[in-house]
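Me: I have a model to go through with you. Please justify each label you use.

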Amino acid sequence: MKVIKELQWDMGHRITNHRSQCRNLHGHRYKAEICIEGDLVGIEGISNEGMVIDFGDIKKIAVKHIHNVLDHGFMVWNKDKVLMEYFKKNADQKHIIVSFVPTCENIAAWIFNQLDSHIKDRYKNGLRLHSIKLWETPTSVVICTRNDVKKLTKRL
Ligand SMILES: [Zn+2]
């Protein structure tokens, strides 16, 4: 079975070499659906009995490793010379330096990698991260699965 927890945050970025508007400094209200799969926990008498994972546990992991890292920050591609220079001089401005162009696709894959090792199969129910669905705008969304990440990992 699959369970989904939603997470939202505000973040700035730009697509440095974009042919149009996206090259400008701007921000989004990002929304991610974190999808986790596994069998139902069958151990009698424990808090997680009958669950894939406690929604509260997904929230704790997502807030710590995604929301608190990104919220009200600016994601900067390390090859964006102008912004790297700016944030060097203004280090007090929250920024997240990444080695990829911060497109919705790459950010979704990055989120997958950030969370994957924290989804631990404690109750032997085959628990694992299934996919990240990331909205950049209310009408633009990316779905990133484990297979997608395998192909991208070299660049992240
Ligand atoms: Zn954008």
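What follows is a short exchange on labels and the values behind them.

Reply: This is a predicted model: local features need pLDDT of at least 70, side-chain atom pairs count only at pLDDT 80 or more, and totals for chains, interfaces and linings use all residues. Residues are numbered from 1 along each chain as its sequence is written.

Me: Why is histidine 13 called buried or exposed?

Reply: A residue is buried if 20 or more other C-beta atoms lie within 10 Å of its own, exposed if 12 or fewer, and partly exposed in between, with C-beta atoms placed from the backbone. Histidine 13 has 27 such neighbours inside 10 Å, so histidine 13 is buried.

Me: Why does histidine 26 count as buried or exposed?

Reply: Histidine 26 has 11 other C-beta atoms within 10 Å, so histidine 26 is exposed.

Me: What does histidine 26 touch?

Reply: Contact requires C-beta atoms, placed from the backbone, within 7 Å. Leaving out residues up to four places away in sequence, histidine 26 touches Gly12 and Arg14. On the same terms, histidine 13 touches Phe74, Met75 and Pro102.

Me: What makes S2 and S5 a pair?

Reply: Strands are DSSP runs of E, at least two residues, numbered from the N terminus. Two strands pair if DSSP finds at least two bridges between them. S2 (residues 26-37) and S5 (residues 128-137) have 7 bridges and run antiparallel, so they pair. Lysine 31 stands opposite tryptophan 135 in S5.

Me: Which residue of S6 stands opposite lysine 133?

Reply: Isoleucine 143 does. S5 and S6 (residues 140-145) pair antiparallel over 6 bridges. A hairpin of 2 residues joins S5 to S6.

How values were computed:
Contact = placed C-beta atoms within 7 Å. Helix = DSSP H or I, 4+ residues; strand = E, 2+ residues; numbered from the N terminus.
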